[in-house]
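Please walk through the model shown here with attention to strands, rings and charges. The tour starts at one arginine and moves outward from there.

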Amino acid sequence: MKIKFASFSSLTLALALALLSACGGGGGADTPSAPTLVSIAVTPADASLAVGATKQYIATGTYSDGSAADLKDKGVTWSTSGGVASIASAGLATGKNLGAGAVLATLSSIVGSTPVTVRGPWTAFAAGGAHTLARKSNGTLSAWGLNRSGQLGDDTKVDKTSPAAVGTASNWSQVAAGEFHTVAIRTDGTLWAWGFNQNGQLGDGSTTDRAAPVQIGKDKWVAVAAGKAHTLAIKSDGTLYAWGRNFDSQLGDNTTVDKTAPGKIGVAVNWSAVSAGDTHSLARRTDGSLYAWGGNSEGQLGLGHTNVTREPARIGSSTWVSITASASHSAAIRADGALFAWGFNGSGQLGTGDEAAQLAPMQVGLASDWALVTAGVNYTLAVKANGTLWSWGTNTDGQLGLGDTFDTSNPKQVGSANNWVGVSAGYKHAVGLRGDGTLWVWGRNEEGQLGLGNLIIRTVPTPLP
């Protein structure tokens, strides 16, 4: 047998090829490197958060290969700045203090952040005879003050000096407070009422007081107003209804008979806003026209006389954007921003610089930058377009918020704040909302209607804790 040996050169080549193969050479593909984290985006971006409320944040990473992924299971670390919020390891932030800060997510030395603003918890409110109600951003409703007729809706008749929960519902959208009763609308359009019901002002078909909210029918509603002992409301189809006391024809149905259930006013289907006083009513249509009816002994209807009017009658020919009816005076802002008032003026509540009653709308000063107006018993509050708050009229309990108890017949600015976005005048106390979501109270407090935990009067706006 012959043995054939390979040549030296052949052996050398084979060995070289083997070495190249072991080292990954010889034309083999390189192992791809893992993509690296390039940036982190934190969402929701530039969000606001109420004190005590929570918001879930998400950290999304962008990688060197252009891909993106949620970082929740990749060891991301959460933190906040500015001392306004705290945040859990899973990205759930809780508002702690008013102000601006940031939410940050960190992973592998890469940091992503987004601004966060923490606001007060309040969004809607109403001042009644001696009680107050307010809605939080989470949709819950709180009440405080006089409760002897169940007007707080907490299923008791015990007065409260601090906010008490109105049941457990978290879908309230708007609320209105009368002298001793309350009405409110939920986000589903249903209407609810509670409190004093001697004249049927709750609208549930009875004259029985209710200490907890009761639903009024099955219809859908978009606006509601509560007067001394009657209620006005607008359905989703634009029709207007009224019920309760009607001795002065404040229900607008051409009678003086009380109603214990909603009764339709006329045939118009374009009503957009309502306001109820002690014995009279105001309502605006979608075209801006303003109508009044009911008691008129002081000219509070603005029709140029003092006769009771049993059905809606138009006030002049102007168009209006904000309306308010009180005990015996009324006020409204015209579409051009000018403010007008009419009716009783014994305490200077019309803001015209004197105490002369007016039977028709009289302009308040020359300013044309008014944004909203509300009237209490013999006093008026209004907010200008620049966010400043003004007041005039009686001030026996500091309800003007001017730091004293002196009446004034000319509008005076309340403090120096310029971020007021809403205000409500009760019998002798007032409530206002600022743009940061904080609620402020002032005036009479003998029934705890300021919600500050005591019965001490306040002559300047004081923040609700």
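Arg284 touches Asn270, Trp271, Ser272, Ala273, Ser289, Leu290, Trp320, Val321, Ser322 and Ile323, leaving aside residues up to four places away in sequence. Contact here means heavy atoms within 4.5 Å. This is a predicted model, in which local features need pLDDT of at least 70 and side-chain atom pairs count only at pLDDT 80 or more, while totals for chains, interfaces and linings use all residues. Residues are numbered from 1 along each chain as its sequence is written, and side-chain values use heavy atoms, with hydrogens and water left out.

Arg284 belongs to strand S24 (residues 280-285). Strands (E, at least two residues) and helices (H or I, at least four) are DSSP runs, numbered from the N terminus. Where is the partner for this charge? Arg284 is buried yet has no salt bridge. The nearest side chain of opposite charge, Asp287, is 7.6 Å away. Buried means under 20% relative accessible area, exposed means over 50%, and partly exposed lies in between (1.4 Å probe, protein chains only). A salt bridge needs a side-chain nitrogen of Lys or Arg within 4 Å of a carboxyl oxygen of Asp or Glu. For charge, Lys and Arg count as positive and Asp and Glu as negative; His and the chain ends are not counted.

Now the rings. The structure holds 14 aromatic pairs. Rings of Phe, Tyr and Trp (its six-membered ring) pair if their centres lie within 6.5 Å; planes under 30 degrees apart count as stacked, over 60 as edge-to-face and the rest as tilted. Trp172 and Trp192 are one such pair, edge-to-face, at 6.3 Å centre to centre with 75° between the planes. Trp172 lies in strand S15 (residues 172-177) and Trp192 in strand S17 (residues 191-195), so the pair ties together parts 20 residues apart in sequence. Both Trp172 and Trp192 are buried. Trp320, one of the contacts of Arg284, pairs edge-to-face with Phe340. Their centres are 5.6 Å apart, and the planes meet at 85°. Trp320 sits in strand S27 (residues 320-325) and Phe340 in strand S29 (residues 339-343), so this pair also ties together parts that are 20 residues apart in sequence. Trp320 counts as buried because its relative accessibility is 5%. Phe340 is buried too, at 9%.

Trp172 has further company. Trp172, Trp192 and Trp194 form one aromatic cluster. The charged end of Arg186 sits over the ring of Trp172, 4.4 Å from its centre. For this, NZ of Lys or CZ of Arg must be within 6 Å of the ring centre and within 35 degrees of the ring normal. Lys384 does likewise over the ring of Trp390, 4.3 Å from its centre.

Trp390 leads to strand S33. How many residues of strand S33 (residues 389-393) are buried? Five of the five are, so the strand is largely enclosed by the rest of the structure. Both faces are covered: Leu389, Ser391 and Gly393 are buried on one side, Trp390 and Trp392 on the other. Strand S32 (residues 379-384) pairs with S33 in the antiparallel sense over five bridges. Strands pair if DSSP finds at least two bridges between them. Thr380 stands opposite Trp392. S32 and S33 form a hairpin with four residues between them. In its turn, Gly387 has a positive phi of about 85°. S33 also runs antiparallel to strand S34 (residues 408-413), joined by three bridges. There, the bridge partner of Trp390 is Gln413.

Finally, some backbone details. The peptide bond from Thr43 to Pro44 is cis, with omega near 5°. Pro44 is in the loop between strand S1 (37-43) and strand S2 (47-50). Ser109 has a positive phi near 70°, though it is not glycine. Ser109 lies in the loop between strand S9 (99-107) and strand S10 (110-119), and is exposed at 70% relative accessible area. The C-alpha atoms of Ser109 and Leu37 are separated by 9.6 Å, with their positions 72 residues apart along the chain. Asp155 has a positive phi near 65°. Asp155 lies in the loop between strand S13 (141-145) and strand S14 (160-165), and counts as exposed at 58% relative accessibility.
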